[in-house]
Every structure is written in C-alpha cells, then in structure tokens.
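Student: I've never looked at this one before. Can you walk me through it?

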Amino acid sequence: MTAKVTVEDVERVAELAHLELKPEETPAMLRDLNAILDYVAELNELDTSGVVPLAQVSELGDVAAGVLRDDL
C-alpha cells in the first residue's frame, strides 16, 4: 500500500470523531490505522468475480413477524 496515514490524518480523524488523544496515544493510532488500510488493500487483491453480491448478510427471517424492533 503506497498511501499511509500521517500524524496529521490521525489528528484530523480524532477531531472529526470528537476524540481527545493524548500525545502518547497517537503513535498507536497511527500504527493501527495503517494496519487496517494495509489489510483492506490485501482484501482488495482477492478475486471475487465468482461471488454473488449480497444485499443482506444476516438471516433476518420473517421481518413481518416482528423479528425486528419497530423503527422509532
């Protein structure tokens, strides 16, 4: 993966998420975000041409029977 998360990116994401990161937390967050992006890049290399796209990944059963809560 060529694009890497920078310290400035971590600070911006923390700001957007209303997180107050301590200075000692930034390196770990930087490492973790880069690891996530590296994993996503690895997943993007998988051949999924034979996989049927899914609209729903969980088995909800009969929604009309009240399996789900009311959307309030």
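Student: Let's start with Arg31: does it count as buried, partly exposed or exposed, and what is its relative accessibility?
Tutor: Keep in mind that this is a predicted model. To count as exposed, a residue needs over 50% relative accessible area. Arg31 passes that mark, so it counts as exposed, at 53%.

Student: Which residue does the side chain of Arg31 meet in a salt bridge?
Tutor: Side chains of opposite charge can pair when their charged atoms come close. For Arg31 the N to O distance is 3.5 Å, and the cut-off for a salt bridge is 4 Å. The partner is partly exposed, with a relative accessible area of 37%. That partner is Asp32.

Student: How many salt bridges does a search of the whole structure find?
Tutor: You've just met Arg31 with Asp32. Another is formed by Arg12 and Glu15, with their closest N and O atoms 3.3 Å apart; both lie in helix H1, 3 residues apart, about one turn of the helix. Then there's Lys4 with Asp38, at 3.1 Å from N to O. The search of the whole structure gives 3.

Student: How far apart in sequence are the parts that Lys4 and Asp38 tie together?
Tutor: The side chains of these two meet in a salt bridge. Lys4 sits in the segment before helix H1 (7–16), whereas Asp38 belongs to helix H2, so the pair ties together parts separated in sequence by 34 residues.

Student: Is Thr26 buried or exposed?
Tutor: Thr26 has its place in helix H2. Leaving out residues up to four places away in sequence, Thr26 touches Val7, Val10 and Leu21. Its relative accessibility is 14%, and the limit is under 20%. So Thr26 counts as buried.

Student: How far apart in space are Thr26 and Glu11, C-alpha to C-alpha?
Tutor: Along the sequence, 15 residues separate Thr26 from Glu11. In space, going from C-alpha to C-alpha, the distance is 7.9 Å.

Student: Which residues make the nonpolar surface patch of about 310 Å²?
Tutor: One member is Tyr39, which lies in helix H2 (residues 26–44). A patch residue needs over 30% relative accessible area, and Tyr39 has 49%, so it counts as partly exposed. The full set is Tyr39, Leu43 and Leu46.

Student: What share of the chain's residues is buried?
Tutor: The chain has 2 helices and 0 strands, and its accessible surface comes to about 6600 Å². Carbon and sulfur atoms account for 58% of that surface. Of the 72 residues in the chain, the buried share is 7%.

Terms used. Residues are numbered from 1 along each chain as its sequence is written. This is a predicted model: local features need pLDDT of at least 70, side-chain atom pairs count only at pLDDT 80 or more; totals for chains, interfaces and linings use all residues. Side-chain values use heavy atoms; hydrogens and water are left out. Helices (H or I, at least four residues) and strands (E, at least two) are DSSP runs, numbered from the N terminus. Buried means under 20% relative accessible area, exposed over 50%, partly exposed in between (1.4 Å probe, protein chains only). Accessible areas come from the Shrake-Rupley method with a 1.4 Å probe; for residues, only the protein chains shown count as cover. Patches are made of residues with over 30% relative accessible area and no salt bridge: like charges are joined within 9 Å, nonpolar side chains (Val, Leu, Ile, Met, Phe, Trp, Tyr) within 5 Å. Contact means heavy atoms within 4.5 Å.
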